[in-house]
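These are my notebook entries on one structure, written down in the order in which I looked things up. I begin with the pocket and then go on to the sheet, the salt bridges and a few single residues.

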Amino acid sequence: EAIRHITSANVACGWHAGDPAVMDRTVWMAKENGVAVGAHPGYPDRHGFGRRNMEISEEELRQYVIYQVGALQGFCRAHGLKLNHLKPHGALYLTSLEDERVARAVAEAAALLDAGLYLVTLAGPKGELMARIGAEAGLNVIFEAFPDRAYTPEGTLVSRKVEGAVIIDPAEVAARALMMAEEGRVIASDGSVIELEAQTLCVHGDTPDAVQLLKSIRRKLEAAQITVEAARGEVAARQ
């Protein structure tokens, strides 16, 4: 049901979650609902859902990303779709924000497969490294924000190990989404204000009652006359 309320889907590529059958059906559903498909590669860590960091060489990591994204590209082609974007998952995403080596491996893998892919990174100062590396690789960059996650004062996401890191109240999540879209800011866990310019909003599919969160966000944004469409790089689109 969630896919009817989104404009872009980040699809797990089999290593931290998903499998060929799930990938195939998800791409088919995305096509049926007019949803843009993005690859969501992660570390090879199904037990930890890709949320545990791993020490991997830059060359190996580039190979891992090519392998996963290439698999999803195959399903997209089978269904007559073009892969729209790439967004690393979990620990791979967070590490790419801090480690130039990891960011470069992800960006170069994306560029090797399709220089037209959009690379998704965190809106705000913490996403600047990944944005720079992506641009150097010739990719367009999409900045995202997370209405269902708490932010640290430094502008990154509060660890899931901390109580309150995941926000599950639909009204609160919708209000945060509207602030992100209209004002370009979010309130951090200590009450401070973080400035960010997001082009897409991400809601985690494994967040409790994710579908209700999505419905609440769509209603809030549309009531404010904000157009919701698939994120396309420099276009100010919001998911």
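**Entry 1, the largest pocket.** I looked up the pocket first, keeping in mind that this is a predicted model. For the largest pocket I noted a volume of about 1,200 Å³. Its lining counts 43 residues, and those closest to the centre are His40, His89, His204, Gly205 and Asp206. I then asked which elements supply at least two residues each to this lining. I found S1, helix H1 (20–32), H3 and H7 among those that do.

**Entry 2, strand S2.** Since His40 is one of the residues closest to the pocket centre, I went on to the strand that holds this histidine, S2 (36–40). I wanted to know how many of the residues of S2 are buried. The count is five of five, and S2 is accordingly mostly covered. Looking at the two faces separately, I found Ala36, Gly38 and His40 on one side and Val37 and Ala39 on the other, with buried residues on both.

**Entry 3, the sheet.** I traced the strand order next and wrote down an open sheet of six strands, S1-S2-S3-S4-S5-S8, with parallel pairing. Which strands stand at the edges? They are strand S1 (8–12) and strand S8 (200–201), and because each has a single partner strand, one side of each is left without a neighbour in the sheet. As a reminder to myself, strands of a sheet pair through backbone hydrogen bonds, in either the parallel or the antiparallel sense.

At the S1 edge, I counted five bridges joining S1 to S2, the two strands running parallel, and I noted alanine 39 in S2 as the bridge partner of valine 11. At the S8 edge, S5 (residues 140–145) pairs with S8 over two bridges, again in the parallel sense, and here alanine 145 stands opposite leucine 201 of S8. I also checked what H5 does at the sheet: this helix packs on it and touches S4 and S5, its direction making about 165° with that of S4.

**Entry 4, salt bridges.** I recorded 14 salt bridges in the structure, and I looked up three of the pairs in detail. The side chains of lysine 126 and glutamate 98 meet at 3.4 Å, N to O. Lysine 126 lies in the loop between strand S4 (118–122) and helix H5 (128–136), whereas glutamate 98 lies in the loop between helix H3 (90–96) and helix H4 (100–113), so this pair ties together parts that are 28 residues apart in sequence. I found lysine 126 partly exposed at 25% relative accessible area, while glutamate 98 is exposed at 53%.

The second pair is arginine 104 with glutamate 100, whose closest N and O atoms are 3.5 Å apart. These two residues are four apart in helix H4, so about one helical turn separates them. Both ends are partly exposed, arginine 104 with 27% relative accessible area and glutamate 100 with 35%.

The third pair is arginine 132 with glutamate 136, the closest N and O atoms being 3.0 Å apart. In helix H5 these residues are likewise four places apart, with about one helical turn between them. Arginine 132 is partly exposed at 36%, and glutamate 136 is exposed at 55%. Following shared partners from here, I arrived at one network that joins Glu58, Arg62, Glu100, Arg104, Glu108, Arg132 and Glu136.

**Entry 5, positive phi.** I noted two residues that have a positive phi although they are not glycines, phenylalanine 49 at about 55° and glutamine 225 at about 60°. Phenylalanine 49 is found in the loop between strand S2 (36–40) and helix H2 (58–78), and its relative accessibility of 29% makes this residue partly exposed. Glutamine 225 sits in the segment after helix H7 (210–223) and is exposed, with a relative accessible area of 72%.

**Entry 6, serine 216.** My last lookup stays with helix H7, where serine 216 lies. Is this serine buried or exposed? Serine 216 counts as buried, because its relative accessibility of 11% is below the 20% limit. Leaving aside neighbours within four places in sequence, I found serine 216 in contact with Pro170, Ala171 and Ala174.

Note on methods:
Residues are numbered from 1 along each chain as its sequence is written. This is a predicted model: local features need pLDDT of at least 70, side-chain atom pairs count only at pLDDT 80 or more; totals for chains, interfaces and linings use all residues. Side-chain values use heavy atoms; hydrogens and water are left out. Buried means under 20% relative accessible area, exposed over 50%, partly exposed in between (1.4 Å probe, protein chains only). Two strands pair if DSSP finds at least two bridges between them. Contact means heavy atoms within 4.5 Å. Axes are lines fitted to C-alpha atoms, for helices over the stretch in contact, and angles run from 0 to 180 degrees between N-to-C directions. On a 1 Å grid over the protein atoms alone, a cavity is a set of points where a 1.4 Å probe fits but cannot get out, and a pocket is an open set with protein on both sides within 12 Å along at least five of seven lines; lining residues have an atom within 4 Å of a point. Grid points are joined across faces, edges and corners, and a volume is the space filled by probe spheres set on the points.
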